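Hi,

Here is the structure I promised to pass on. Have a look at it first, and my notes follow underneath.

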Amino acid sequence: MAMMQHIAAGKTVLSVLSAGLKREFGQDVGAALAARFLEAEESDFLWDARISERWLGRYWSADEEGSDDLDRVAILARLGRAWSVAVLIIDGEGCAHGLMGRRDFSRKSEAARALASLR
């Protein structure tokens, strides 16, 4: 039986993921699994946790078919305790396809300045 949980305002995606895994697998294993999930799906978690975004331009790749449908988007996100600025590859339907780079900051104002400087 699948259980769906709505993430209430004030809860982060990371805290909900960690809590569910800890409840299911125990404290130590749940924390380790949460870290692995976050690492494996980093671009999706960042995209879902974004607070603001800015289109940077088309993403062109000689390696990928259909890359003409992809865009580079800079985001400001709050994931855990860190403020992150990242450049993601996003398709026309709003799905993350990859992470080009990420920087973490302890303050939102620093992250906002970094986002504004991206081109």
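Let me start with a question: is Asp-104 buried, partly exposed or exposed? Asp-104 counts as partly exposed, with a relative accessibility of 45%. Keep in mind throughout that this is a predicted model.

On confidence, the protein chain averages a pLDDT of 82, and 83% of the residues score at least 70. The start of the chain is another matter: over residues 1–10 the pLDDT is below 50, and that stretch has six contacts in the model beyond near neighbours in sequence.

Now the charged pairs. Searching the whole structure turns up four salt bridges. One of them joins Glu-42 to Arg-102, with 2.6 Å between the closest N and O atoms. Glu-42 sits in helix H3 (residues 42–48) and Arg-102 in strand E4 (residues 96–105), so this pair ties together parts that are 60 residues apart in sequence. Arg-102 also forms a salt bridge with Asp-104, where the closest N and O atoms are 2.9 Å apart. That links Glu-42, Arg-102 and Asp-104 in a network of salt bridges. Like Asp-104, the other two members are partly exposed: Glu-42 has 24% relative accessibility, and Arg-102 has 29%.

Another salt bridge pairs Arg-50 with Glu-53, and its closest N and O atoms are 2.6 Å apart. Both partners count as partly exposed, Arg-50 at 31% relative accessibility and Glu-53 at 44%.

While you are looking at H3, check Ser-43, which has its place in that helix. At 14% relative accessibility, Ser-43 counts as buried, because the cut-off for buried is under 20%. Not counting residues up to four places away in sequence, Ser-43 touches Leu-88, Ala-96, Gly-98 and Leu-99.

Next, the nonpolar interior. The largest nonpolar core has 16 residues, and the members that touch the most others are Leu-46, Trp-47, Ile-75, Leu-79 and Ile-90. Helix H1 (13–25), helix H2 (27–40), H3, strand E2 (70–79) and strand E3 (82–91) each supply at least two residues of this core. E2 gives the largest share, four residues. Apart from this core lies another one, of 10 residues, which includes Leu-56, Ala-74, Leu-76 and Phe-105.

If you want one residue to click on in the largest core, try Ile-90. Leaving aside neighbours within four places in sequence, Ile-90 is in contact with Trp-47, Asp-69, Leu-70, Asp-71, Val-73, Cys-95, Ala-96 and His-97.

Last stop is helix H4 (residues 108–117). Which of its residues are buried? They are Ala-111, Ala-114 and Leu-115. Looking down the axis of H4, these buried residues fall within an arc of 100°, so they line one face of the helix. The general rule behind this is that an α-helix has 3.6 residues a turn, so residues three or four places apart point the same way. On the H4 side, the buried residues pack against strand E1 (50–58), E2, E3 and E4. The face of H4 turned away from its buried side carries Arg-113 and Ala-116, which are exposed.

That's the tour. Shout if anything is unclear.

Cheers

Methods:
Residues are numbered from 1 along each chain as its sequence is written. This is a predicted model: local features need pLDDT of at least 70, side-chain atom pairs count only at pLDDT 80 or more; totals for chains, interfaces and linings use all residues. Side-chain values use heavy atoms; hydrogens and water are left out. A salt bridge is a side-chain nitrogen of Lys or Arg within 4 Å of a carboxyl oxygen of Asp or Glu. Buried means under 20% relative accessible area, exposed over 50%, partly exposed in between (1.4 Å probe, protein chains only). A nonpolar core is a set of buried Ala, Val, Leu, Ile, Met, Phe, Trp, Tyr and Cys residues joined through side-chain atoms within 4.5 Å. Contact means heavy atoms within 4.5 Å. pLDDT is the predictor's confidence in each residue, from 0 to 100. The arc is that of the directions from the helix axis to the C-beta atoms.
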